[in-house]
Amino acid sequence: MPKSLSIAALTVLHAVASGTAYGFDIIDATDLPGGTVYPALARMERDGLLRSDWEDEKAAHAKQRPARRIYAITTDGVRVLQASLEKVRALRPIPNLRGVRPAPSRGRS
Amino acid sequence: MTPRLTRAIVWCAARLAPAVSRDRFIAEWRSELAAAWTAQPMTWSRRWALCRTACASFAHARALRPEDGLVAHVQPRRGWSSGLRQDVAFASRLIGRQPGFAAIAIATIALGVGANTAIFSLVNRSLLTPLPYADPDRLVAVWETVPALGIPENTPAPNTLDLWRSRAHTIASFGEYTVGSVNLTGAGDPTRLTTLRVGASLLDVLGVTPVLGRNLTADEARYDGARVVLLTHAAWIRYFAGDPHIVGRTITLNGAGATVIGVLPREMPMTIQTADVWVPLALPPDVNRESRMLFVVGRLAPGATATAAQRELDAKMHAPGPDRRDDGIGVYVESLDEQLRGGVRPDLWMVFGVSAAVLLIACLNVAAMLLVRGLGRRREFTVRTALGASRARLVRLLTIEGAVLAGAGGVLGLGLGVVVLRIIGRLMPASIASTVSWQLDARVLAFAIAATVLTTIVSGIVPAFVGAGSLVVSTRGGGSDERRATRLMRNGLLVGELALAVVLLAGAALLVQSFSAFVHQPLGLNPDGIVTAQVPRADRDDARRTAFLVDLLERASAMPGVTHAGLINGVPIRFTGGGSGFQIADSGNPMRTLNAHHRIIGGDYFEAMGIPLVAGRAFSPHESGRVAIVSEAFAKSAWGSRAAAPGRRIQWGADGQWIDVVGVVGDVRLSPTAPLESHVYLPFTAVEYSVFAPGDLVLRTTGDPGAVARELRGVVHAMDPAQPVSSIITMHDLLSQAFGKRRFTLQLMSAFAALALLLASIGLYGVASYAVNRRLREIGIRLALGATARQIRVRILGQGAVWTVVGVGLGLTAGAALLRWARAEVPGLESPGIWPIVAAAFVLIAAAIVACDIPARRAMRVDPLITLKAE
């Protein structure tokens, strides 16, 4: 089980935990690119934070589309999500962030 | 259209996913896409977004691990076999998409494999399959030798055989036979049959059991034994329609009854002599047992070798003892296999080598074509490499394409091989057909498969290794030119092919030259208009037989269209034996002996054959007394000149009687390959020689030989209805039969050389045409910058010419080596000259010019605008 998640993975896990079950819907909900969402889903499923299953075929056919894959959060996933959210919450806002004079970025123009 | 595009993207991406997760991956993405397509009203921006999302499947696929699959504990199959079916299917589709290329490649391989399969099945049956006898490697032929007279293989006398039998321990048993002929009557037209007169032990020595009936007994083999006969399978079918109740029947041979006791197996074509029937040897008690007349076959004792038997007999024949031989006569033991098949072996191996060279040319051709085509598929390989295909994977793909082509060619080639064998069977002269046979068996099949696999390796794997590597590198470098190594490889293949083709063409030309030299050698006689026939007279009474033959000569000369008629005991070309020693009188040395062929003749033999009389006189129609006519070579070696011969005397045999030489005639070649030889002719009308009964009639005709043949049958039938007339044939046909073996080899060689030329031209054309296509842009620019169409053509031709010259040069070098070898090895090929290889080089250069000119002309017609726009 990973000790911490990337922000992208955390966002995806958060979306699933909020009840967004399908891959494309997660993309829409998180506003992350598919190229980020799907690898994150794959990794988190491998790590046991997520579980996936096919939805009921009859229900899908009633809506005139093939059965989709449903992602759901596991108990491990809930634990990791909470721990990660705690960490994020621990990051207090910096009051005078506007006053910070950042050093110029290197490497990129 | 967009749903389909997204599905295609996902399908491509799935190739990157581990095999175990692939199905799930595709299903997941397709269902998501389908849901997306149905859920919302489609705008173009939405479509675009979906396509981009679909591209995310690549990232997804790469993130998947094999253990993510539904059956995570199963290790995915990796390595050579995974996706094999897919690759084969892909290769087949690809080949189907370029039918022209595929047809040429498959036809090329089919020709190569077909020719090789056909020739191999001949080699297999004729050289590799053992003789159809029990333990054939223990069988030997045993000959007497007379080193002093330069006679390597002479038939031993009965006394010599007895001596061998009593002394040899390395040879467990001996079987003897001699050849003869009988007249068969009462079974259709009267026919002359050739006989093998065999000792009782011959069949046991060979280890052959008759398919019907039984073997000879020792009693039957004696002189006063019962008259019995064994039929060969062919004679049984031909004269007795394969009658299953033939055993026990009595047939009429030479006017007397003989009981059929058995039928020999079909598989005896390689017996020393081809005969129709086997009869007991039955030597009369008063026969001269020092007369050399027996052919001897021996069976080695277990563990003994032919060399050991040779050593033993050499030692024992000269051992001191009461019957010690001190007459300079030796023994020669040779394996029966070598004796029977040694004659065809070099020719067959040569043809086999040539056909293998043709296969190699075919392989090089297909290899060059595949390489060239691979270069045209650089874009495809770029995508494959970008998607993660390894070099091994590319090599595998190219190899499988080669294998699919070779497999198709191999199957077609096997079928073609059967057709080729049929054709060869028709061309094969009878003299070879008896020792060479063919059959498609497991070994031939295995050979065809091996040839196909070899083709796959040479034509598929080699260019795949060389090509795939350079292709990947070239795409990475981003350049559009093929690598130097690939170009060298392609041109190297072409050069090799050209060089081989030159050698084959030169070889064929060499054979043509030596053959025509043989055909045009003077024979010492004039073959135009000669008709010969065998009229063997089975009359035991000498005087009656002579009278019949004299009458026959008179009637034959009176036939319309016949100018001269003669008789002889053995027409040149057909009969090459009958040599003996003659003692020369008045030569200074009383014991001086000369070897010459003795011939008993009658009628106008010399006029009929066109042999010139150079001194003295010819025989009169009723010549009597001990007189002889000698040939020029004999006269010169006996008395120094032909003019000195008439009036001199010679002695023949042991009777001590002198024979007067009355005339000298020209020398005659007994076979097209033999030198001009000494002859001594004796008249059959003289009572002293009438016992020899010449049976070959020679007619000089002016009209249609066919009409003369029909007329002759009528004339003989009118004289004696029971008298057979056989083997009516013109001298030209007899000669072409004698040339048969050589002509057959020549035809095969020429066919293979033509095939090599064709294949090399196809290869040149393919590669030149590729080179033009590859350089269309360059040609377009050149034309745009002011080059003339003519300059372009010259340029293309020039580049083809460079490689042609290199290839032909290599071929000429190899051809010159071949020529040197031929001078040393091939008898009768005094000076083959340089023209065969020069002619071969010219033919190939002409073919190369044509092959390069077709694409060059296409290059001339390039429209620079279209070409440049296409880029």
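Which pattern does chain A follow when read along the sequence? I looked this up at the start, and I record that chain A follows α-α-α-β-α-β-α. I note at the outset that the model is predicted.

**Entry 1: chain A**

I listed the elements of chain A and found 5 helices and 2 strands. I then looked up burial, and buried residues make up 36% of the 109 residues in chain A. For contacts in chain A between residues at least 6 apart in sequence, I noted that 56% join residues at least 24 apart.

I also looked up the confidence of the prediction. The average pLDDT of chain A is 82, and 89% of the residues score at least 70. Among the elements of chain A, helix H1 (residues 7-17) has the highest mean pLDDT, at 91, and helix H4 (residues 57-62) has the lowest, at 78.

**Entry 2: chain B**

I turned to chain B, for which I recorded 26 helices and 24 strands. Chain B has 871 residues, and 50% of them count as buried. I looked up its contacts with a separation of 6 or more, and residues 24 or more positions apart account for 79% of these.

**Entry 3: where the chains meet**

How many residues does the contact take from each chain? I found 22 residues from chain B and 20 residues from chain A. The area buried between chain B and chain A is about 1700 Å², and carbon and sulfur atoms give 63% of this area. I asked which three residues of chain B supply more than any other three, and they are B:Arg24, B:Glu28 and B:Glu32, with 31% of the area that chain B buries against chain A.

I then looked up the polar side of the contact. Between chain B and chain A I recorded 2 salt bridges. In a salt bridge between B:Glu32 and A:Arg68, the side chains meet at 2.7 Å, N to O. The count of residue pairs in polar contact between the two chains is 6, with both residues at pLDDT 80 or more.

Next I looked up the elements on the side of chain B that touches chain A. Those giving two or more residues are helix H2 (19-39) and helix H3 (44-63) of chain B. Helix H2 of chain B gives the most to this side, with 11 residues. By type, I noted that the residues on this side of chain B divide into 12 nonpolar, 4 polar and 6 charged.

**Entry 4: B:Val20**

I located B:Val20 in helix H2 of chain B. Is B:Val20 buried or partly exposed? With a relative accessible area of 21%, B:Val20 is partly exposed, because the cut-off for buried is under 20%. I also looked up B:Pro66, which is 46 residues from B:Val20 along the chain, and the C-alpha atoms of these two residues are separated by 6.5 Å.

**Entry 5: B:Ser761**

I found B:Ser761 in helix H22 of chain B, which covers residues 740-774. Why does B:Ser761 count as buried? Its relative accessibility is 18%, so B:Ser761 counts as buried, given that buried means under 20%. I then looked up its contacts, leaving aside neighbours within four places in sequence, and B:Ser761 is in contact with B:Ala847 and B:Ala851.

How values were computed: Residues numbered from 1 in each chain as written. Chains lettered and ligands numbered in written order. Heavy atoms only, no water. Contact = heavy atoms within 4.5 Å. Buried area = accessible area lost by both parts, 1.4 Å probe. Salt bridge = Lys/Arg side-chain N within 4 Å of Asp/Glu carboxyl O. Polar contact = N/O pair within 3.5 Å; in protein donor to acceptor, adjacent residues only side chain to side chain. Helix = DSSP H or I, 4+ residues; strand = E, 2+ residues; numbered from the N terminus. Nonpolar A, V, L, I, M, F, W, Y, C, P; charged D, E, K, R; others polar. Buried < 20%, exposed > 50% of the residue type's maximum accessible area, 1.4 Å probe, protein only. pLDDT = per-residue confidence, 0-100.
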